[in-house]
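Hi everyone, thanks for making time. Let me put the structure up, and then I'll walk you through a few parts of it.

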Amino acid sequence: MIKLNKVIWTILAPLSLYSCMVSAPAEPVTEVRVSLDESVAIEIAKDNGTRFITLYSEEDYRKAFLDYFKSSMNEKKIIIDDANPEFSITVTKLELTEISTLDTVKDERSPDNGRVFDIAIAKGIASGTITNLATQKTETWTADRDKKERLTSFQSPAQIIKGENKDLNEYRKKDFDKNEFVVIAAQCGQRAATAVSKTIRK
């Protein structure tokens, strides 16, 4: 099996590069020390049209989430220190859902007008708590990511090579990558780190 970190990095690297090019406020420099419960429950929901979510295991999704959650927290100066924490962080669960729906081409100039495609929708949501150990105040956080397959009339690489669909009126479905839910889990991890950082430093 392809290493998960390599798979995720290949997909997320362009986004990371772009974010570095966009001006943003400086990250907080004060370190915060936390403990982290890594026993993340993974909940999988799917329907009869499932094509992607079962390609990886719950442990694969847990690893992708935690790897990116922890690395993103480290970038935000939130340091895991179980011996001397200021806050206690739990990840209650990561919910991953794949559902299928129908999408119809609505383009009167296209020979595919009225054609119906099966479309996959991917959703991920992570949730948990943060406890300030000095005050014993506990707050909840959530982080989510969703995505859906889409229809496009742009030429595919194969159509360009063959000189097909020059009028851009032939529709096809832009499929998910087979690793889509691994990436969704990782992105939930990144967004969870942002949610945790904002809650701690508000």
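How many bridges join strand β5 to strand β6, and which way do the two strands run? Before I answer, keep in mind that this is a predicted model. Okay: there are 12 bridges between β5, residues 116-132, and β6, residues 137-148, and the strands run antiparallel. To pick out one rung, Ile121 has Lys148 in β6 as its bridge partner. At the turn of this hairpin you have 4 residues between the strands, and Gln136 takes a positive phi there, near 65°.

Now over to helix α4, residues 180-201. Does its length add up? Well, the helix has 22 residues, and at 1.5 Å a residue they should span 32 Å; the end C-alpha atoms sit 32 Å apart, so that agrees. The helix is also mostly covered, with 17 of its 22 residues buried.

That brings us to the inside. The largest nonpolar core has 37 residues, and the ones with the most contacts inside it are Phe65, Phe69, Ile89, Leu94, Trp141 and Val196. Who supplies this core? At least two residues each come from β1 (32-37), α2 (58-75), β4 (87-104), β5, β6 and α4. It's α4 that gives the most, with 10 residues. There's another core lying apart from that one, made of 5 residues, including Val105, Ile119, Leu151 and Tyr171.

Let's do the aromatics next. Searching the whole structure turns up 4 aromatic pairs. Take Phe52 and Phe176: their ring centres are 5.5 Å apart and the planes are at 65°, so we call that pair edge-to-face. Phe52 is in the loop between β2 (41-46) and α2, while Phe176 is in the loop between β8 (172-174) and α4, so the pair ties together parts 124 residues apart in sequence. Are these two rings' residues buried or exposed? Phe52 counts as buried at 7% relative accessibility, and Phe176 is buried too, with a relative accessible area of 7%.

Then there's Tyr56 with Tyr61. Here the ring centres are 6.4 Å apart and the planes are at 50°, so this pair is tilted. Tyr56 counts as buried at 12% relative accessibility, and Tyr61 does at 1%.

Last one: Phe65, Phe69 and Trp141 are linked into a cluster by ring pairs. You've met those names already, among the residues with the most contacts inside the largest nonpolar core.

That's my tour, thanks.

Technical notes:
Residues numbered from 1 in each chain as written. Predicted model: local features only at pLDDT ≥ 70, side-chain atom pairs only at ≥ 80, totals over all residues. Heavy atoms only, no water. Pairing = 2+ DSSP bridges. Expected span 1.5 Å × (residues − 1). Buried < 20%, exposed > 50% of the residue type's maximum accessible area, 1.4 Å probe, protein only. Core = buried A, V, L, I, M, F, W, Y, C linked by side-chain atoms within 4.5 Å. Phe/Tyr/Trp six-rings, centres within 6.5 Å; stacked < 30°, edge-to-face > 60°.
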